[in-house]
Amino acid sequence: MTLKQLLFPASSRQLPGQRWLKITLRTLHLVGVGGLGGGFLYEVAPEQWLPYWGLAVVTGVCLVLIELWSNAIWLLQWAGAAIVFKLFLLASLHFFPQAAIPIFISVIIISGVISHAPAKIRHRLVFSSTHISPSQPDGKDGKL
């Protein structure tokens with residue numbers, strides 16, 4: 001099996017119980033982000049929001065790993081690109097801590113828009129008008 005076949009299978013792989021696993025992880029991620037938001041918005045001491053930060057990071061990493069394992073084409077779609085951009089924004093907090101609130105709110109807005117956008121938008125390639133179904137990498141014949 002080549003690296004390309006491993007990253008971009010002809011059809012997406014599924015873990016047993018993947019739907020409910022992702023629902024559970026997303027829910028816990030929201031709890032983490034909510035607690036983290038309290039820290040950002042109300043200038044709470046870090047020891048009070050760090051557990052929420054940890055929960056948000058762990059669940060976020062797990063969600064990304066599931067998507068990448070299923071089919072790495074996700075990174076080339078708006079859904080995956082939005083995650084990469086959000087991580088870039090969050091990393092910029094290291095250099096611009098005074099911008100914590102607008103950056104955090106921007107990340108929430110991006111999350112809301114991309115997660116509620118129609119699948120034809122979320123699964124569209126970033127640099128193309130091609131929509132790629134999660135089950136078929138190229139939306140046509142299963143070849144990338």
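Here are some notes on this predicted model, going from the overall fold down to single residues.

1. **Overall layout.** This is an all-helix picture: 6 helices and 0 strands, in the order α-α-α-α-α-α along the sequence. The C-alpha trace covers about 55 × 30 × 30 Å along its principal axes. The chain has 144 residues, and 33% of them count as buried. If you look at contacts with a separation of 6 or more, 61% come from residues 24 or more positions apart.

2. **Helix α2.** I'd start with α2, which runs over 18–42. With 25 residues at 1.5 Å a residue, α2 should span 36 Å, and its end C-alpha atoms are indeed 36 Å apart, so the expected and modelled spans agree. Its buried residues are Gln18, Lys22, Leu25, Gly32, Val33, Gly35, Leu36, Gly37, Gly38, Gly39 and Phe40. Note the glycines in that list, including Gly37, Gly38 and Gly39. The cover over these buried positions includes α3 and α5.

3. **Glycine 37.** Which residues does glycine 37 touch, leaving aside its neighbours within four places in sequence? Tyr42 and Phe104. Glycine 37 sits in helix α2 and has a relative accessible area of 5%, well inside the under-20% cut-off, so it counts as buried. Its C-alpha is 10.0 Å from that of alanine 100, a residue 63 places away along the chain.

4. **Leucine 36 and the nonpolar core.** Next door, leucine 36 is in contact with Trp49, Tyr52, Trp53 and Phe104, again leaving aside neighbours within four places in sequence. Leu36, Trp49 and Phe104 also belong to the largest nonpolar core, a set of 12 residues that is completed by Val33, Phe40, Ala56, Leu89, Leu93, Ala99, Ala100, Ile103 and Val107. At least two core residues come from each of α2, α3 and α5. The biggest share is from α5, with 4 residues.

5. **The turn after α2.** Glutamate 43 deserves a look in the viewer. This residue follows α2 and lies in the loop between α2 and α3. Its phi is positive, about 50°, although the residue is not a glycine. Is glutamate 43 buried or exposed? Its relative accessible area is 72%, over the 50% cut-off, so it is exposed.

6. **Threonine 59.** Moving on to helix α3, threonine 59 is found there. Its relative accessibility is 3%, under the 20% limit, and therefore it counts as buried. Not counting residues up to four places away in sequence, threonine 59 touches Leu25, Leu28 and His29. Leu25 is itself one of the buried residues of α2.

7. **Helix α4.** α4 has 14 residues and reaches 20 Å from first C-alpha to last, close to the 20 Å expected at 1.5 Å a residue. Buried here are Ala79, Gly80, Ala81, Ala82, Lys86 and Leu89. What do the buried residues of α4 pack against? They pack against α5 and α6 (119–122). Leu89 is also a member of the largest nonpolar core.

8. **Alanine 91.** Alanine 91 is also found in α4. With a relative accessible area of 45%, which falls between the 20% and 50% cut-offs, alanine 91 is partly exposed. Valine 107 is 16 residues away from alanine 91 in sequence, and the two are 11 Å apart in space, C-alpha to C-alpha.

9. **The largest pocket.** The largest pocket holds about 1500 Å³ of space. It is lined by 41 residues, and those closest to its centre are Arg26, His29, Leu63, Ile83 and Lys86. Two or more lining residues come from each of α2 (18–42), α3 (46–70), α4 (78–91) and α5 (100–116). Which element gives the most to the lining? That is α2, with 10 residues. By type, the lining divides into 21 nonpolar, 14 polar and 6 charged residues.

10. **Where these points meet.** Two of the residues closest to the pocket centre, His29 and Lys86, have come up already. His29 is touched by threonine 59, and Lys86 is on the list of buried residues of α4.

Note on methods. Residues numbered from 1 in each chain as written. Predicted model: local features only at pLDDT ≥ 70, side-chain atom pairs only at ≥ 80, totals over all residues. Heavy atoms only, no water. 1 Å grid on protein atoms, 1.4 Å probe; cavity = no way out; pocket = protein on both sides within 12 Å on 5 of 7 lines; lining within 4 Å. Points joined across faces, edges and corners; volume = space filled by probe spheres on them. Nonpolar A, V, L, I, M, F, W, Y, C, P; charged D, E, K, R; others polar. Core = buried A, V, L, I, M, F, W, Y, C linked by side-chain atoms within 4.5 Å. Buried < 20%, exposed > 50% of the residue type's maximum accessible area, 1.4 Å probe, protein only. Contact = heavy atoms within 4.5 Å. Expected span 1.5 Å × (residues − 1).
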